[in-house]
Amino acid sequence: MADKPSIPVEGVIKDVPPPPPRSAGNPVFRMMGMPNFRFKLPSRNWLIFLSVTGSFTTAVLYDRYHKKRAQQRWCNIVSHIAREPLPTTQMPRKITIFLSAPPGDTIRAAREHFHEYVKPVLAAAAIDWDVIEGRREGDVRAGLAEKIRKRRRKDGETPANSDETKSSEEGENLVQTLRGTSGVKDWEGVQGDLVLGRHTWKEYIRGLHEGWLGPLDPPPDTAESSNSKNDASSIPSEQSSAADDTPQTSDTLAKSDPLSASGDPAKPPSDSPQAAPKKEEKPKAPVQIPPYVSTSAYPSAPIAPTIPDILPPAAILPLPHLLGFLNTPIRIYRFLNRRHLADETGRQVAALVLASHIRPWDPKSEFMGSAPIPGQENVPQAYNIPTTLERWELEDVLEGEERDWHKVAWKRYQGEPERVWRNSMVIDPRIGERMRRFDLLSDQEDQARKDDGEDPAAKGLWANIKETLGWEEDRSVKGWEHGNFGEESE
C-alpha cells in the first residue's frame with residue numbers, strides 16, 4: 001500500500017485566518033455587571049408564530065376597546081334619566097323584555113347576550129323591567145297571550161268560567177290593591193317592549209294576535225288536550241289497580257310467592273325491582289298552553305272590545321347566533337367585529353329609553369309575485385299569472401337571521417304542534433295598524449356621536465394616567481388674561 005504524501009502542518013496553520021476578536025459589548029452593561037446581550041432576529045418559525053398571535057391579539061383588543069366606547073356613548077345619552085327625581089308615590093317606568101332560547105341552543109345564550117349588550121344601557125338610565133323567557137319554541141307566545149288575557153279580564157271582560165279565573169288571580173291583584181290603598185300610582189307614560197331576535201319576534205307577533213283576537217276561555221279541544229297531558233301521570237296507577245283486581249291463578253301465585261314449593265325462602269333475583277335502586281324522577285317541564293286561535297281564523301275572529309287604540313311600542317334587537325364547525329370562519333369574523341353589534345344594539349335600546357319618537361309600522365309594501373291559474377294548480381310556476389302581493393314591514397325585521405338558524409328549527413315531525421319559527425308570519429290589519437316602534441331622532445344620534453370624543457372612557461391610556469396622578473394642565477382662562485386686576489392665580 002502506497003504511503004500518503006505528507007502535508008506540512010506549519011503551512012496549513014499559517015493559511016487559516018485568525019478568528020475575529022469578540023466584541024466587548026456595551027460598556028454601560030459591563031460596568032453594571034450585566035452579561036453581554038447579543039440582539040438578533042428570531043427564526044422563521046418564531047416570526048410566523050409571533051405575527052399570527054400578535055395580529056389576532058391586536059384585533060381582539062382593538063374591537064374590545066371600541067366596543068366599550070360604543071356602549072359608553074349610548075350610556076351617556078340616557079344617563080340623565082337616572083338623575084331625574086321620582087315622587088315616592090309613583091312607580092318607576094317598567095318595560096317588558098322578551099327573550100327565548102335560539103334554535104338549537106339553550107336559554108343561556110340569550111341571557112348572556114342581554115347582560116353583555118342590553119343591560120348596561122338600561123342600568124345607566126335606571127329602567128326597571130320584567131322578563132318573559134322561553135326555553136323552547138312557543139313559550140314566549142303562550143306567556144304573552146296569557147298576559148294579554150289577564151289584562152282583558154282586569155279591564156272588565158268576563159269569561160264563561162269566571163269563578164276559576166277569579167280564584168287564580170286573587171293573589172296577583174292583592175299587590176295592586178295594596179298599592180292603591182297606599183296611594184302609589186303606576187307609571188303614566190310609555191312603557192314599551194323589548195324583543196331579542198327574529199325567532200322571539202315571530203312568537204311576539206303570534207302571541208299578540210292570539211291575546212287580542214282569541215277568546216278568554218280555552219277551546220274545548222285545547223282544554224281536553226291539556227287535561228290529558230296533566231292526567232298522564234295517573235295512568236300507571238290505574239293500570240296497577242286494575243292488575244290487582246285480576247284473578248290470581250296457581251302460576252301467578254307461584255311467581256309472586258316468596259316461598260318455593262319446598263317451603264324454603266327463595267332469594268329475590270338480581271333483576272327484580274327490589275334489588276335495583278329506585279331512580280329519582282326528574283321534574284317534568286310545565287305543559288305549554290296551545291294557541292286559542294289559529295292564523296287562518298284571524299279574519300273571522302272578533303277583536304277584543306278593550307283593546308287600546310295604540311298598542312305598547314316595541315324595539316327589536318338583533319341576536320346573531322350561528323352554530324356549526326364549518327361556520328368557524330364566519331364566527332371568528334363576527335367575534336372580531338362585536339363593536340358594530342354593540343353600537344346597533346345600544347342605539348335601539350337608547351331609542352326605547354328616550355321614547356322621543358314613536359312611529360307606526362309601514363302598513364304594506366307591494367311587490368310583484370306570481371299566483372297559480374285558477375283550476376290549473378299543477379301548471380309549472382313559470383306559467384303562473386303575475387300578480388301584486390302585499391307584505392308588511394313587520395315581516396322584514398331581522399329576516400336575515402333565519403339563514404343562521406340551526407337545522408332543528410326546520411325539521412318536520414309527525415304530529416307536531418304549531419311551529420311558529422318555521423311558519424310565515426300572518427298579520428291582521430286590525431293589530432298591525434295599532435302597533436308602534438321606537439325610533440331615534442337624527443339629531444340625538446348626531447349629538448351622541450359628537451360627544452363621543454369628550455367621553456372620559458374614550459381618552460387614551462396616558463391621558464387617564466395623568467388625570468389619576470393629577471398631572472393634567474389647568475386650561476381654564478385666568479382673570480388676569482382678561483385684563484382684570486388681582487393675583488395671577490385668580
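The following exercises, with worked solutions, concern a predicted model.

Residues are numbered from 1 along each chain as its sequence is written, and side-chain values use heavy atoms, without hydrogens and water. Local features need pLDDT of at least 70 and side-chain atom pairs count only at pLDDT 80 or more, while totals for chains, interfaces and linings use all residues.

**Exercise 1.** State how many helices and strands the protein has, and what share of its residues is buried.

*Solution.* Step one: the protein contains 15 helices and 8 strands, taken as DSSP runs numbered from the N terminus (helices H or I, at least four residues; strands E, at least two). Step two: of its 490 residues, 29% are buried, meaning under 20% relative accessible area with a 1.4 Å probe, protein chains only.

**Exercise 2.** Describe the surroundings of strand β3 (residues 193-196).

*Solution.* Step one: D193 and V195 lie on one side, L194 and L196 on the other, and all are buried. In a regular strand, side chains alternate between the two faces of the sheet. Step two: β3 pairs in the parallel sense with strand β1 (residues 94-100) over 3 bridges, where pairing requires at least two DSSP bridges. Here I97 stands opposite L194. Step three: 4 bridges join β3 to strand β4 (residues 314-317), also parallel, and L196 stands opposite L317.

**Exercise 3.** Determine why S79 counts as buried, and which backbone oxygen its side chain reaches.

*Solution.* Step one: S79 belongs to helix α3 (residues 44-82). Step two: S79 counts as buried because its relative accessibility is 18%. Step three: its side chain reaches the backbone oxygen of N76 at 3.0 Å.

Notes. Buried means under 20% relative accessible area, exposed over 50%, partly exposed in between (1.4 Å probe, protein chains only). A polar contact is a pair of N or O atoms within 3.5 Å; within protein, one must be able to donate a hydrogen and the other to accept it, and residues adjacent in sequence count only if both atoms are side-chain atoms.
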